[in-house]
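Here are a few exercises to work through with the model open beside you. Try each task before reading its solution.

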Amino acid sequence: MENHLTVKLGEKKDRKGPVIFSEYKRGDAIRKALSMSREDILFELKDSKLKGRGGAGFPTSTKWMLTAAAKAEKKFIICNADEGEPGTFKDRVLLMEYPELVFDGMVVGGYTIGAQLGIVYLRGEYEYLLKPLEDYLEEMRKDNLLGKNILGKEGFDFDIEIVLGSGAYVCGEETALIESLEGHRGEPRNRPPYPINTGFLGRPTSVNNVETLAAVSHIVVKGGKWFAKYGTDKSSGSKLFSVSGDCERPGVYELPWGTKVSELLELVGAKNAKAVQIGGASGHCIPKSQFDRTLAYEDIPTGGSVMIFNENRDMLKVLKNFMEFFVDESCGQCTPCRIGNVKLLEGVEMIEKGNYTFAHINKLKDLGRTMQLASKCGLGQSSPNPFISILENFKDEIFNRGNGGRNGR
Amino acid sequence: MEDKKSLRAPVSQKPHVIPKPEHPEYLGGSITVEINEKKLTVPFGTTILEACKQAQIHIPTLCHHEDLCVAGVCRVCVVEVEGMRTLQASCAFPITAPIKIKTTSNAVRKARKHIIDLLISEHYGECYSCFRNNNCELQSLAKEYGVDHYNFGHVTQPRYEVDNSSYSVVRDMDKCVLCKRCVRTCIDLQEVGVLEAIDRGHNTHIGTFLEKPLAEVICINCGQCINRCPTGALRANDPRDEIWAAIDDPTKHVIIQTAPSPRAAIGEEFGQGPGKSFTGELNTALRRIGFDKVFDTNFAADLTIIEEGTELILRLYKDLVKKEKVALPQFTSCSPGWVKYLEHFYPEYIDHLSSAKSPQQMFGALIKTFYAQKAGIDPANIVSVALMPCSAKKFECNRPEMNSSGYKDVDYGLTTRELAQMIKEAGIFLPEMPQSHFDDPFGEASGAGLIFGATGGVMEAALRSVIEFVTGKRVEDVYANADITPVRGFEGIRYAEIPITEVGPVPKLLQHLIPDWNWLKGATLKIAVAHGTANAKKVMEDIKAGGKFSECHFIEFMACPGGCLGGGGQPIPTNEEIRKKRAEAIYNEDKSLPVRKSHENRHVTELYEMFLTDGPCGHISHKLLHTHYVKRGKYIA
Amino acid sequence: MLVVEKNALSEEIESYVEKYGNDRSALLMILHEIQKKHRHISEFAQQEVARLLNIHPVEVYSVISFFAFLNTNPKGRNLVRICQTISCDMKGKKQVVEAIERELGIKIGETTKDNKFTVEYANCLGLCDMGPAMAINDQVFVNLTPEKAVELLAKVK
Ligand SMILES: Cc1cc2nc3c(=O)[nH]c(=O)nc-3n(C[C@H](O)[C@H](O)[C@H](O)COP(=O)(O)O)c2cc1C
Ligand code: SF4
Ligand code: SF4
Ligand code: SF4
Ligand code: SF4
Ligand code: FES
Ligand code: FES
């Protein structure tokens, strides 16, 4: 097996999927979009009922409409390629194999909201993609898919820059991302006001996930109705799932929303799974008894990370790994998250050592609920999720571990 | 949206406010919200916290400070907004829709308690050994929420070393709650930029450039960060022990000079509302504590006016008549925070600074020379203490050039807070003290010296003398009650033009300096006042660009917002309202004084007759009362 | 630092400022360039950046300290980052780390005596389907075994 991951940008593995991985030719979406009015593009998006794929699930048409409506000389569209959620790698695959979808989507976005500049915020861990992507952009410029009067459209000037992140998960949060783009610490802002009004450099800014932009390219070419054919009522289209952990075929899968967890597990060859963490470290942990639940905004919304744990895994260790991640990655500005995560981690360590009381663990769960409510950004608001869901769903295993009979005193 | 260039603080800490409408009474300018079922109409963009204040609903806060932009980081102020999944920080939430707010729901109370518990679990420090005991926002929050045990454990080891490298500010980060008020103060309010959050997550702490000791970075010692810190994490370098030792030592003659601003604020330390001066009471208290003599810094302020005013006239003369190259505008030099700011940030302008020392240092030099002689005391046995509103004064008296008496001119700078502490230790309740006068030979000073304490005061004091010197008219005939109102107020930068229509008989004191004074006739004196170094920076940038302020003749700069009365050694808390009250106290005291112009202070004229015999800006005065400055620059070695 | 070195560094930073602009929003990319070339951002470099962007040195330091990939002290010539997050952990990260520690004679977080390697943990590298994963400088390596990892390090100059 080759160990060195080499990048040949645009070279596609054999991937199949109804929407994202369906047929597409570079520039198609741009060509089509430029022949449409901005309103018509927004209508198509509205028909598609596309929701942001970065995790929050905000309707993309609304975001773009508001940004388009904001009055300002300059606007920005930002592609959020900071993909840092543990267990997520679908944005990397899109950028490596399908850059045309992402960049075309950005150009369409720029055209729709009236931005002159698109910025790709590429996580520092993907630095090896920087040069190939920049070369790719250069080619787009040569073909007038970027630059002045794009494809002859008078007055539509748009270009894309890539800025490299530097190893901070929280910078995936859109306002932290903007802060760091502005040369500050990546600390999330107070909201309101939202980036659609006061974003990068104080201008209206639309921040979109890589996958969202890729979906836009398809929607513009094939229509919103076509997209909405897939998935469920509230969760239209398909979703990329990054599957890792105990299964035979880890990797990126495109599945329509509404797929059952058990179906996915079967597809990837997860034979004796006892738990699935959905939505990354900040997501929820689901035990076997709930494998018939569906992946959809109606049931389990997710940014696409699926981590599978088999019968032999120690769920407390899993939880500890997650909490260590949050302690590492909290930006540290707000009290509940800065100190709260440390307390939760200490709680896990207490259980590990067997010197805990249920009273204290319950106090920590309560603290977790405060963190969910009172933290400033999504990181602290979701970091207690694994603590609460793993301790709840796997309490038998966790509190009955052999510790020389010192449990639960 | 503000101009991007002025956004020096992290944007997340900027207000990001939705601009409030100019006419809230117009349609759409106001919004009706419901707070705890009570309806209230507020202007669009009002924060929930402000609205609650209007509705007289108390919301606990920690990172919020009226002088500073929004942070929204402590989360103590959270409230419930109907329809929102999470709780919202009321200090950071601008109202733009008719929302319903609940301020005391179960989730809110629980969250606040949790947050306080968390802060306390990491707080290394004991209230009884802390200068903020009984005046600490963390402590009062703990009390308010009935914290009676450590819910989430408690640290037993300090995480950080105390930094007491600086003469002025001591940093004890184990008591820090990371509210970032100091960061916002230093970067935003003062634009000095010494403190920032370092590292991230649980390792986040407030630090300096590469964690260097405060004395080695470009801190200007203004102490504004101390005044805004909610806890004991920042404090002034306290000389009380040394001063008590001197008082207890029978061989030492311990003198204290008191500046006007502490007198106008010290009552606050004794539970009195701001806005009343306790000058007479303080004199008595100081004597009871054991100070041998109590002098009025205003005497030296009057002296400063004469020296600095003379220097200005000489500069103008050289410029206008002799056509020599001189540095104009002349900058005031009595605020040591401002002086250090200029030395660091605009070193090429240090010759614009008046060479006259600050009142504190002038007085120091005189006490160990003139007074020592007169009283027949060996200056080596004099311990000279200065009661100041200011933490930078501690640094100033330790500047190596400040020893023109042959000794350290001023031994200790003592802040208002520290003196209040000494008075309490002596078992004295200041407000109940009988009043008494200052000691001779300096006696009571003029109101001009007194108003140095407020922004614009030095300028007004100088003008009261300059106008009389050159025009021969009484100030009262030009400005009612000698209140030169154009330079008063709290606006960050003020500018005024004073036309000189006539030149009258020049007072004896100055006659020898310039043969003919008529060149001043028809001239227009252009002056400006700036307080807070952020405003000073604006003026300096304008001067650099050759703007309006470069044509000024004289500019008063004060490092602290509000001037000395808002100094870094003043009682905590501080905000604009308190500063205004203190200013009122000072202006009222000025009004009540018989002598209100520096040159009419009889003790000053006597001093020139008896001691500084070659007059203002003469040789003796130059040796004792003037100083020089250092081009420090910004590079941190 | 010698004056010539200082001048060269100033010139270098000036060229980055030329490329990315003198607005604060250029900070992250400028720091990247310096970090990439010098493997750390020195005290002098930080002050130069501050001067050229007209911000305070402590702000530059504050930003550097925030980001895991920026540092103020020099590290080894090659930076090895091993993913410590759960998917890689389950695929045998521990064995890989132990092999590397044994082979290089250092613990994670340390630098070899010859200054050739600094070994660190990283959080999820986005290669979870191919774990255990590690990065050597800006290149990434996947599906590691203890032997493979050591072999790869041996090839590094
Ligand atoms: C801690 C945190 C990390 C996040 N990381 C990412 C990320 O890596 N990629 C992403 O697209 N969105 C991320 N988000 C969500 C973004 O804030 C934002 O909602 C998203 O980029 C919007 O794009 P979308 O509407 O296309 O989903 C993160 C949010 C939080 C709170
Ligand atoms: S929740 Fe955590 S990551 Fe988000 S602002 Fe607060 S400390 Fe920072
Ligand atoms: S800072 Fe406040 S809470 Fe902490 S020890 Fe001092 S008084 Fe007590
Ligand atoms: S004393 Fe003034 S300059 Fe020094 S750190 Fe505090 S606010 Fe900044
Ligand atoms: S030192 Fe004081 S003002 Fe600064 S962050 Fe800490 S508690 Fe707040
Ligand atoms: S006072 Fe509102 S968050 Fe701190
Ligand atoms: S868990 Fe190791 S790369 Fe994602």
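**Exercise 1.** Find what share of the contacts in chain B with a separation of 6 or more joins residues 24 or more positions apart.

*Solution.* Start with the criterion: a contact means heavy atoms within 4.5 Å. Next, keep the pairs in chain B with a separation of 6 or more; residues 24 or more positions apart make up 76% of them.

Before going on, note that this is a predicted model, in which local features need pLDDT of at least 70, side-chain atom pairs count only at pLDDT 80 or more, and totals for chains, interfaces and linings use all residues. Residues are numbered from 1 along each chain as its sequence is written, chains are lettered from A and ligands numbered from 1 in the order in which they are written, and side-chain values use heavy atoms, leaving out hydrogens and water.

**Exercise 2.** Describe the fold content and compactness of chain B.

*Solution.* First, count DSSP runs (helices: H or I, at least four residues; strands: E, at least two): chain B has 21 helices and 17 strands. Second, take the radius of gyration over C-alpha atoms and the globule rule, 2.2 Å times the number of residues to the power 0.38. Chain B has a radius of gyration of 26 Å, close to the 26 Å from the rule for 637 residues, so it is as compact as a globular protein of that length. Third, along the principal axes, its C-alpha atoms fill a box of roughly 80 × 65 × 50 Å.

**Exercise 3.** Work out how much of chain B is buried.

*Solution.* Apply the cut-off, under 20% relative accessible area with a 1.4 Å probe, protein chains only. Of the 637 residues in chain B, 64% pass as buried.

Key: Buried means under 20% relative accessible area, exposed over 50%, partly exposed in between (1.4 Å probe, protein chains only).
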